[in-house]
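Me: Let's go through this one together, with short questions and short answers. Here's the sequence and the structure to look at.

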Amino acid sequence: MSQYQPPVLDAKFVLDQLIGFDGLCEKLQLEDINIDLADAVLEEAGKLSSEVFAPLNWDTDQNPAQWADNAVTESPGLKEAYQQFVDNGWSTLTAPEEFGGQNLPQVLGTAVSEMWQASNMAFALCPLLSIGSVEALLAHGSDELKALYLPRLIAGEWTGTMNLTEPGAGSDLAAVSTTATPDGDHYRIKGQKIFITWGDHQMTPNIVHLVLARLPDAPPGVKGISLFIVPKFVLDENGEPGERNDVYPISIEHKLGIHGSPTCTMAFGDNEGAIGYLVGEPHKGLPYMFTMMNHARQGVGVQGLGISDRAYQQAVQYARERVQGKNRDGSKKPIIEYPDVRRMLLTMRSGVEAMRALALEASAALDFAHADNNSKEKYARLELFTPIVKGWMTEFAQELTSLNIQVHGGMGYVEETGAAQHFRDARILPIYEGTTAIQALDLIGRKVLMDGGVALESLLNDMTATATELSASSNADAQAFGAAFAQAVDKARAAKEWLLTNAPSEKELSQAVCFDMLMAMGYLCGGWMQGRTLLAVIALTDANDDVYGEEFLAKKRISAMYYSQCLLPRALHHFGVMVQNPQALYEFAVDQF
Amino acid sequence: MKILVPVKRVIDYNVKVRIKQDGSDVDLSNTKMSINPFCEIAVEEALRLREAGTASEVIAVCIGPKIVKEQILAALAMGADRAIRIDVEEQPEPLVIARLLAKVAEQEDAGLIMMGKQAIDSDNNQVGQMLAGIMGRPQGTFASVVKIEGDEALVTREVDGGLQTVALKLPAIVTADLRLNEPRFTKLPDIMKAKRKPIAETTAADLGVEVTSTQQQLSVAAPATRQAGIKVASVDELVDKLKNEAKVI
């Protein structure tokens with residue numbers, strides 16, 4: 001199937017030129033860590049992803065995980081691939097040194113994660129979820145739980161899962177009904193969880209489930225949910241996996257995509273009750289989940305980026321090889337020479353580059369917040385980015401992976417080219433880890449209305465600064481970009497004011513326009529990153545840079561200009577729809593559907 | 001036993017080579033550079049010998065300006081214990097390289113010099129043989145299997161007629177062929193550790209070697225582009241063309 005070329009130089013460019021990686025490391029007081037080291041890390045991750053994970057991607061799709069006798073066997077080849085991933089220490093990248101991690105910045109972890117996701121998304125979900133459980137335990141676990149579980153999870157010896165969803169509790173977690181009953185020094189968990197990603201497999205000797213459940217005395221609703229840790233094998237006195245716990249996968253789903261990722265229905269406590277341990281304090285489960293949400297949600301946004309880049313690479317390859325029609329001199333014409341095909345390819349390329357830069361900017365926001373003692377302002381920026389990265393990038397990934405099929409024409413609709421797989425795999429992204437609607441509501445409600453638009457205004461001010469810098473440049477491209485971008489930022493400011501004025505008095509308004517605001521903010525943030533890319537390119541070109549080279553910089557410049565000409569206008573469109581507050585939406589009654 | 005592994009910085013094997021406009025040389029500006037793949041195989045073999053307990057230390061040696069530190073770090077990240085950089089401005093000729101390596105091998109008292117059979121940039125395939133000559137030590141070139149038994153190295157060589165196994169008295173020079181092994185993926189913690197491993201620096205003058213040049217590169221040209229073929233209607237026409245046009249039969 002399609003080859004994968006890891007975007008090592010592109011990622012390095014963003015880290016070095018847009019994020020200021022060396023400065024960030026200094027702020028984080030990480031000695032010896034600099035862009036050269038980041039480069040070496042990206043290079044090696046690129047090798048493993050392109051040489052080991054990418055070639056397995058198609059096989060994983062064609063040979064899904066299998067369920068039999070309350071156990072799941074993963075797709076062939078994944079166990080060995082996972083072992084290589086673990087042996088080479090990749091699970092330890094961003095984890096703290098105290099528990100065996102390498103303590104590298106989150107932003108580098110994100111750049112590396114893109115490669116895992118692009119090369120084999122179904123597989124890469126597994127370590128992504130382990131990181132989630134590590135974060136939960138780090139933030140809220142007792143010292144005892146940390147000592148028992150963290151080193152093994154960080155080393156990748158065991159994997160972690162997140163057990164939130166139940167048949168009656170999806171987007172609304174208030175309806176969680178799984179119970180936890182005290183039983184000596186532990187709890188007995190009973191209930192059923194569905195859609196549990198990598199809920200079971202044979203790759204590691206133990207699996208650590210993080211589970212939301214209710215204590216007997218729990219208040220109703222979201223304020224009565226607690227977080228538990230439930231190992232597949234209960235640890236013996238030496239901390240090694242011992243007796244089989246009463247938690248089993250009782251079926252797996254047959255899905256549209258990510259066939260290599262077993263999606264399990266997990267039965268907790270069908271027999272004697274699954275042994276679980278409380279994480280943190282009772283009834284705090286939901287707020288605890290929120291502390292991990294930035295990472296998990298941004299991680300899914302990065303999946304959208306990775307899979308879009310993979311689709312782009314495949315589309316370019318096909319467009320070069322596929323010949324249709326003839327030139328005037330009678331020679332055959334590869335379809336890449338047709339402007340409409342190039343429009344599709346450039347939309348993908350420019351979109352991917354904007355997404356990559358935004359994903360790294362948003363991820364670095366967490367590092368900058370850490371470096372600044374978790375200052376409120378820096379943290380607010382991170383929180384503002386999260387629903388945009390998750391919501392916009394996964395929605396955009398739908399279009400971009402679909403364009404790959406379009407470039408392939410009829411052959412794209414045929415499974416054997418593999419173009420369809422990326423499209424099918426991508427379709428889960430706007431659904432899991434909070435649907436697009438959840439992201440949009442989070443953005444408009446918790447991230448904008450709740451603080452009166454302060455965090456958003458601060459972001460818009462930074463954007464205005466970029467627009468001003470572009471417009472003040474003597475470079476004609478920069479001036480054109482600056483004019484277009486300034487207009488988009490003005491629209492954003494007007495939309496923000498409109499929202500703050502009207503949302504309090506109109507009951508359904510924020511819910512009705514949140515999707516357009518999310519998409520508008522996505523395209524705007526993408527434009528911001530492309531504008532900063534253009535500024536960096538101009539500076540490097542003026543300085544006769546010889547790190548990236550003329551060709552690389554020229555491509556970046558044109559891609560940025562394409563964004564300002566063809567993708568940034570989408571921000572204007574979405575802000576336009578938003579402030580128009582389409583009345584038809586309210587008028588069409590529920591029973592008229 | 002110490003193993004010395006020479007490592008060369010070359011254009012990455014994935015990169016399409018460009019020629020400078022004036023035809024004076026290959027254009028290496030903003031080009032991805034890597035460890036020569038044959039050198040990488042040599043590093044891997046040395047590491048395996050160390051891991052098997054046969055060797056005590058693996059020393060990477062690299063000849064070139066400061067920038068070659070990238071390749072030195074890559075070799076250290078793979079697992080070499082330490083490195084030596086011999087500072088020279090330009091890439092010396094094979095004979096000079098062999099003389100420099102001979103001095104280092106002597107200083108380090110290396111029991112085995114494990115190196116690539118050639119570098120993929122200039123494809124000389126000379127240094128290993130010259131080094132053996134200069135040092136007066138046995139050589140096992142184009143190795144596909146290397147075994148150390150006592151004070152001997154048993155080297156299976158890939159020769160035209162098949163495989164030949166030779167026994168070399170150590171210290172010896174072994175040059176790696178493609179099938180000797182498959183180099184490992186570098187581990188993340190090892191990338192981090194590589195920065196803290198010692199890199200000694202020396203010069204040709206320190207080693208008492210004069211960097212001379214007996215060759216001059218006159219021009220570099222890309223291979224001629226292949227002409228489009230033609231279809232022939234019959235075997236007779238083909239034979240006719242081969243006989244009268246191509247004049248090959």
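Me: Which residue in β11(A) stands opposite Gly191(A)?
Reply: First, the ground rules: this is a predicted model in which local features need pLDDT of at least 70 and side-chain atom pairs count only at pLDDT 80 or more, while totals for chains, interfaces and linings use all residues. Residues are numbered from 1 along each chain as its sequence is written, and chains are lettered from A and ligands numbered from 1 in the order in which they are written. β5(A) and β11(A) (residues 263-268) pair in the antiparallel sense over 5 bridges, where strands are DSSP runs of E, at least two residues, and helices runs of H or I, at least four, numbered from the N terminus, and pairing takes at least two DSSP bridges. Within β11(A), the residue opposite Gly191(A) is Phe268(A).

Me: How many bridges join β5(A) to β12(A)?
Reply: β12(A) covers residues 274-279 and runs antiparallel to β5(A). One bridge pair is Ile189(A) with Ala274(A) of β12(A). The number of bridges joining the two strands is 3.

Me: Which residue takes a positive phi in the hairpin of β4(A) and β5(A)?
Reply: β4(A) (residues 179-183) pairs with β5(A) (residues 186-197) in the antiparallel sense over 5 bridges. Asp183(A) has His186(A) of β5(A) as its bridge partner. That hairpin has 2 residues between the strands, and the one with phi near 70° is Gly184(A).

Me: What percentage of residues 162-269 of chain A is strand?
Reply: An unreviewed UniProt entry annotates this stretch as "domain: Acyl-CoA oxidase/dehydrogenase middle"; such annotations may be inferred rather than shown by experiment. In the model, its end C-alpha atoms are 17 Å apart. Helix comes to 0% here, and strand to 47%.

Me: Which element gives the largest share of the side of domain 1 of chain A that touches domain 2 of chain A?
Reply: An automatic or database assignment sets the bounds, giving domain 1 (8-65 + 73-142 + 149-155), domain 2 (159-287) and domain 3 (435-593) in chain A. The centres of domains 1 and 2, taken over C-alpha atoms, are 25 Å apart, and their contact takes 26 residues from domain 1 and 21 from domain 2, with two residues in contact if their C-beta atoms, placed from the backbone, lie within 7 Å. On the domain 1 side, α4, α5, α7 and α8 of chain A each give two or more residues. The largest share, 13 residues, comes from α7(A).

Me: Which helix of chain A gives the most residues to the side that touches chain B?
Reply: The contact between the chains takes 17 residues from chain A and 12 from chain B. On the chain A side, the largest share is 6 residues, from residues 35-53, helix α3(A).

Me: Which helix gives the most to the largest nonpolar core?
Reply: A nonpolar core joins buried Ala, Val, Leu, Ile, Met, Phe, Trp, Tyr and Cys residues through C-beta atoms within 7 Å, and buried means 20 or more other C-beta atoms within 10 Å of a residue's own, placed from the backbone (exposed is 12 or fewer, partly exposed in between). The largest core has 254 residues, and Phe228(A), Met517(A) and Val5(B) are among those with the most contacts inside it. With 18 residues from its 509-542 run, the top contributor is α17(A).

Me: What share of chain B is buried?
Reply: Chain B comes to 6 helices and 11 strands, and its C-alpha trace spans about 65 × 45 × 40 Å along the principal axes. Of its 249 residues, the buried share is 39%.
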